[in-house]
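Here is a structure you may not have met before. Take a look at it, and then we can walk through some of its salt bridges, its interface and a few odd spots.

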Amino acid sequence: MTTIAEQGEHRYVLNMGPQHPSTHGVLRVILEMEGEYVMDPQPVLGYGHRMHEKMAESRPWPNFLPNAARMDYLSALIYNHGYVGVVERLAGIEATPRAEYIRVITSELNRLQSHLLWLGVLVLDLGAFTPIMYTFEDREKILDILEDVTGSRLTYCYMRVGGVVRDIDDKFVEGTREFIKWQRSRMPMYDKLVTGNIIFRKRIEQIGEFSPDLARRYGLTGPVLRGTGIPYDIRRAEPYSVYPEFDFEIPTETTGDCMAAYLVRVREIEQSLRILEQALDKLPDGPAMAKVPKKLKLPAGDACYAVESPRGELVYHLTGDGSDTPYRMKIRVPSFSNLSLLPELCRGMLLSDLCACMGSLDLVIPEIDR
Amino acid sequence: MSPEMPTGFFPPELLRILFTVICAIVIVFGNAVVMGYLERKLAGRFQRRPGPMEVGWHGILQLAVDGVKLVGKQLMVPKQTDKVLYRLAPIISFAPAIMPMVVIPFAPNLQGRDFDIGLIFILAVVAINVLAILIAGWSSNNKYSLLGAMRSVAQNVAYEIPMLLTLLSVILVTNTFSLRGIVEAQSGGAWFIFFMPVAFLIFFAATLAETNRAPFDLPEAESELTAGFMTEFSGMGFSLFFMAEYTYMFIACSLTTILFLGGWSGPPLPYGEYTSALWFFAKVYSLLLVMIWIRWTFPRVRFDQLLNFCWKYLVPFSLVHLLVTAVVVKL
């Protein structure tokens with residue numbers, strides 16, 4: 001690598017973050033700039049490193065449940081789902097059907113609120129302040145619904161091996177149905193206010209384009225990958241829980257730019273609403289918790305469990321050694337791979353486009369650092 | 001205050017100068033307070049929240065409390081700044097903002113001084129602000145500030161051109177640079193906005209860019225440059241920039257009102273010589289409301305789009321407009 005001095009005096013280094021309005025967390029990006037152009041962005045990670053994987057290996061497995069919620073604070077329930085899923089798979093436990101439905105319902109609500117927050121934040125990164133307040137109004141409704149049943153608003157610790165900690169009631173079902181109606185009525189407004197906005201379109205169309213091939217090389221998953229035309233969604237590609245029972249589409253776009261990722265996510269909101277509707281209709285009766293031995297030891301062996309987080313493929317890989325403490329736990333988080341694309345994607349880009357790109361990758365930094 | 005008043009230096013004249021200066025300062029500060037409150041309240045309304053509510057009735061004293069807070073803050077000068085320029089920048093930005101108040105005709109008898117070149121005077125004085133922003137960005141010793149300042153200079157220089165070209169269209173019709181003359185040329189409801197709506201739109205777009213307002217607020221683009229050229233300023237340094245911004249918005253909207261909306265003209269009022277200032281302020285604040293509305297609705301444009309918009313659309317259109325106006329006037 002050549003140094004700045006060799007490349008000419010007109011290059012300078014701009015330090016973006018760890019405290020910067022559009023890195024949304026403690027991400028630091030060292031930008032080598034030429035005027036307003038970013039010549040070489042290098043992300044610096046680790047400001048929020050809390051050794052989650054090591055923590056999983058040094059204490060009995062149930063103690064990791066709260067940690068699962070604290071990696072990606074925007075999709076805590078989906079992280080819950082992944083962790084209980086991998087333990088169940090390793091220990092050979094089946095959750096009750098009702099619990100599986102409740103898991104799907106709460107996960108989809110969680111995905112919705114993550115997408116809504118992302119929608120507001122992306123537009124905020126582009127300089128419009130108002131949409132985030134509207135999406136927060138919607139998001140608030142989800143948080144209220146989830147708070148009633150899970151007891152918390154952000155870092156849920158709701159799912160247990162064999163089921164969920166508390167059964168949902170009629171109030172929850174009614175509230176969710178009302179929310180579905182409300183959210184459907186809101187989407188035309190976002191279409192007009194955001195998607196149809198000429199400045200917004202000009203800002204993110206044809207920005208940060210990449211090919212499916214590049215996406216594969218970097219292991220991109222989630223809406224960013226689906227924006228390039230590959231319909232890869234864990235809910236379909238490697239079905240888990242009761243997702244095969246629902247009828248929903250995997251939205252894809254072909255352009256692979258920021259606009260494609262945007263459109264995919266906005267259309268996913270509608271698909272999540274569809275899943276919610278069907279799940280509420282089909283919700284079976286029965287216990288929300290299966291019979292699980294009090295002292296569950298993890299058998300020796302490996303298990304892998306992948307779930308689709310709002311940002312892409314989340315994989316838990318758990319190795320047990322017969323004790324109640326995991327021998328090794330590896331977590332594959334989607335944002336890490338998505339971020340690793342940044343240097344290649346944003347080379348030669350304007351600073352404002354870099355902000356748009358980071359916004360459309362939908363990075364959650366604690367998930368990357370974990 | 002009538003044009004016939006002798007111009008020698010004697011007490012009535014001195015009194016008038018004092019009165020004008022006090023009025024100018026009152027307008028500047030009053031406008032900053034009203035705008036600060038309006039902006040926050042309206043932003044709240046646009047975003048379906050109440051806005052400031054705590055201090056006084058519906059948060060009406062919020063700005064006073066903010067003022068006290070800002071005045072009370074320690075003046076921080078970061079290390080390795082150019083200390084003289086750093087201190088000077090807010091002053092250079094704010095001082096020229098007061099001067100145009102002298103020539104703006106608020107009502108037939110409410111004008112500090114009618115210059116024959118009032119319009120050019122305002123444009124010349126307001127242009128000093130760019131220098132202040134450049135000084136602020138340079139002296140802060142912060143790359144974000146410098147980027148913001150450089151954007152500001154490029155933007156202001158570019159948008160000055162369509163602005164002046166559309167002004168010339170108006171001047172061709174009125175044959176005078178005097179603001180009073182321009183307003184009187186539009187008496188009887190013959191506002192220029194009806195004859196040249198395109199010029200009005202170009203002028204308004206250019207004023208948005210000149211005052212660094214959204215969607216052209218690139219010099220302070222929070223999400224990219226944290227706060228642009230103001231990043232390192234706090235306390236009174238910041239609040240002077242803040243007041244200057246609102247004053248420049250007021251001046252820009254006053255100019256738009258004078259050039260295109262007939263200045264003080266409107267349905268007659270009692271004591272119209274003075275009270276028709278109400279119409280003037282009503283028009284100015286309607287324009288300011290539009291500015292606020294735009295800011296809280298649109299995303300920010302990108303820098304190259306901003307300059308493209310100016311050079312590829314505004315400049316050619318205003319040139320054509322000038323040509324058409326010249327031909328029409330000649331006929």
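## A salt bridge across chain A

Let's start with A:Asp281, which is exposed, with a relative accessible area of 56%. This is a predicted model, and in it the side chain of A:Asp281 meets that of A:Arg177 in a salt bridge, 3.2 Å from N to O. The two residues come from distant parts of the chain: A:Arg177 sits in helix H7 of chain A and A:Asp281 in helix H12 (residues 258-282) of chain A, 104 residues apart. As for A:Arg177, its relative accessibility is 31%, so it counts as partly exposed.

## Buried pairs

Now for a pair with a rather different setting. B:Arg300 and B:Asp217 form a salt bridge whose closest N and O atoms are 3.0 Å apart. B:Arg300 lies in the loop between helix H13 (277-295) and helix H14 (303-330) of chain B, while B:Asp217 lies in the loop between helix H9 (197-210) and helix H10 (222-225) of chain B, so this pair ties together parts that are 83 residues apart in sequence. Are these two buried or exposed? B:Arg300 has 0% relative accessibility and counts as buried; B:Asp217, at 4%, counts as buried too.

Back in chain A, A:Arg103 makes a salt bridge with A:Glu100, with 4.0 Å between the closest N and O atoms. Both of these residues are buried. They are three residues apart in helix H5 of chain A, which means that about one helical turn separates them.

## The wider tally

How many salt bridges are there over all chains? The count comes to 42. Some of them join up: A:Glu108, A:Arg111, A:Arg226, A:Asp233, A:Arg235, A:Glu268 and A:Glu308 are linked in a network of salt bridges.

## A buried glutamate without a salt bridge

A:Glu367, found in helix H16 (residues 365-369) of chain A, has no such partner. This residue is buried yet has no salt bridge. The nearest side chain of opposite charge belongs to A:Arg311, and it is 4.3 Å away. A salt bridge here needs the nitrogen within 4 Å of the carboxyl oxygen, so that pair is not counted.

What does the side chain of A:Glu367 have instead? A polar contact of 2.4 Å joins it to the side chain of A:Ser335. Leaving aside neighbours within four places in sequence, A:Glu367 is in contact with A:Met71, A:Asp72, A:Tyr79, A:Ser309, A:Arg311, A:Val333, A:Pro334 and A:Ser335.

## Where the chains meet

Time to look at the two chains together. The contact takes 35 residues from chain A and 24 residues from chain B. About 2,600 Å² is buried between chain A and chain B, with carbon and sulfur atoms giving 58% of that area. Of the area that chain A buries against chain B, 22% is supplied by A:Glu36, A:Phe129 and A:Ile199, more than by any other three residues.

Three salt bridges are counted between chain A and chain B. One of them joins the side chains of B:Arg151 and A:Glu36, at 2.6 Å from N to O. There are also ten residue pairs in polar contact across this interface. On the side of chain A that touches chain B, the elements giving two or more residues are strand E1 (11-16), helix H5 (97-125), helix H6 (130-150), helix H7 (170-195), helix H8 (198-204) and helix H15 (351-361) of chain A. E1(A) gives the largest share, five residues. Sorted by kind, the residues on this side divide into 19 nonpolar, nine polar and seven charged.

## Two unusual backbone angles

Most residues other than glycine have a negative phi. Which way does A:Gln206 go? Its phi is positive, about 60°, although it is not a glycine. A:Gln206 is placed in the loop between H8 and helix H9 (212-217) of chain A, and it is exposed, with a relative accessible area of 63%.

Chain B has a case as well: B:Asn141 has a positive phi near 55° and is a residue other than glycine. Its place is the loop between helix H5 (128-139) and helix H6 (143-174) of chain B. With 45% relative accessibility, B:Asn141 counts as partly exposed.

How values were computed:
Residues numbered from 1 in each chain as written. Chains lettered and ligands numbered in written order. Predicted model: local features only at pLDDT ≥ 70, side-chain atom pairs only at ≥ 80, totals over all residues. Heavy atoms only, no water. Contact = heavy atoms within 4.5 Å. Buried area = accessible area lost by both parts, 1.4 Å probe. Polar contact = N/O pair within 3.5 Å; in protein donor to acceptor, adjacent residues only side chain to side chain. Helix = DSSP H or I, 4+ residues; strand = E, 2+ residues; numbered from the N terminus. Nonpolar A, V, L, I, M, F, W, Y, C, P; charged D, E, K, R; others polar. Buried < 20%, exposed > 50% of the residue type's maximum accessible area, 1.4 Å probe, protein only. Lys, Arg positive; Asp, Glu negative; His and termini not counted.
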